[in-house]
Amino acid sequence: MPADLSGTWNLLSSDNLGATYIDFATRKIARLLKPQKVIEQNGDSFTIHTNSKLQNYLVKFKVGREFDEDNKSLVIWDNDRLTCVQKGQKKNRGWTHWIEGNQLHLEMFCEGQVCKQTFQRA
């Protein structure tokens, strides 16, 4: 059975933020922010709110169904990991969420670069 990612999560750490797809000035500002992620999971339907002082982001999707994010996206379960593959101008772009212990992990990948974030349950 897939993991339950539901909850409110506060950022603990971020590594390699925006390696390829965020400009230098925005990356400096983003390092100062401590976003909060709120995940609502109902079976294979998800709503993910990412909130910070600079910008809020909302994405809704159902696992296994293609949807529009910044481009075409498809989320699947890979064991207990929720993995998104995005189709667009940049190759090998997407993200993966999973839980280890009390922490939510997020890896965002784009063109061979990986950004890792770790969140603690609020």
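This is a short walk through one predicted protein model, from its overall layout down to a few individual side chains.

Okay, so, keep in mind that we're looking at a prediction. The mean pLDDT for the chain comes out at 87, with 86% of residues at 70 or more. If you go element by element, strand β2, residues 36–42, has the highest mean, 97. At the other end is helix α1, residues 24–32, which has the lowest mean, 65. And where pLDDT is low, the predicted coordinates should not be read in detail. Fair warning for anyone zooming in on that helix.

Now the layout. We've got 1 helix and 10 strands. Going along the sequence, you meet a strand, then the helix, and then strands for the rest of the pattern. There are 122 residues in the chain, and 38% of them are buried. On the outside, about 7500 Å² is exposed, and carbon and sulfur atoms supply 48% of that. As for contacts with a separation of 6 or more, 37% are between residues 24 or more positions apart.

Let's go inside. The largest nonpolar core has 21 residues, and the members touching the most other members are Leu5, Phe46, Phe61, Val75, Leu82 and Trp95. Seven names to look for among the strands here: β1, β3, β4, β6, β7, β9 and β10 each put in at least two residues. The top contributor is β9, with 3. For background, nonpolar side chains tend to be buried together in soluble globular proteins.

Have a look at Trp95 while you're there. Beyond its neighbours up to four places away in sequence, Trp95 touches a mixed set, including Phe61, Val75 and Leu82, but also Glu69, Thr83 and Gln86.

Next, Leu5 again, from another angle. What does its backbone nitrogen have 2.7 Å away? A polar atom of the Gln41 side chain. Gln41 sits in strand β2, and, neighbours within four places aside, its contacts are Ala3, Asp4, Leu5, Ser6, Phe46 and Trp77. So two of those core names, Leu5 and Phe46, turn up in its list.

Last stop is Glu66, in the loop between β4 and β5. Is Glu66 buried or partly exposed? It's partly exposed, because its relative accessible area is 45%, between the 20% and 50% cut-offs. Setting aside residues up to four places away, Glu66 touches Lys72, Ser73, Leu74 and Lys87. With Lys87, there's a side-chain polar contact at 3.2 Å.

That's the tour; have a poke around the structure yourselves.

Technical notes. Residues numbered from 1 in each chain as written. Predicted model: local features only at pLDDT ≥ 70, side-chain atom pairs only at ≥ 80, totals over all residues. Heavy atoms only, no water. pLDDT = per-residue confidence, 0-100. Helix = DSSP H or I, 4+ residues; strand = E, 2+ residues; numbered from the N terminus. Core = buried A, V, L, I, M, F, W, Y, C linked by side-chain atoms within 4.5 Å. Buried < 20%, exposed > 50% of the residue type's maximum accessible area, 1.4 Å probe, protein only. Contact = heavy atoms within 4.5 Å. Areas by Shrake-Rupley, 256 points an atom, 1.4 Å probe, with all protein chains shown as cover. Polar contact = N/O pair within 3.5 Å; in protein donor to acceptor, adjacent residues only side chain to side chain.
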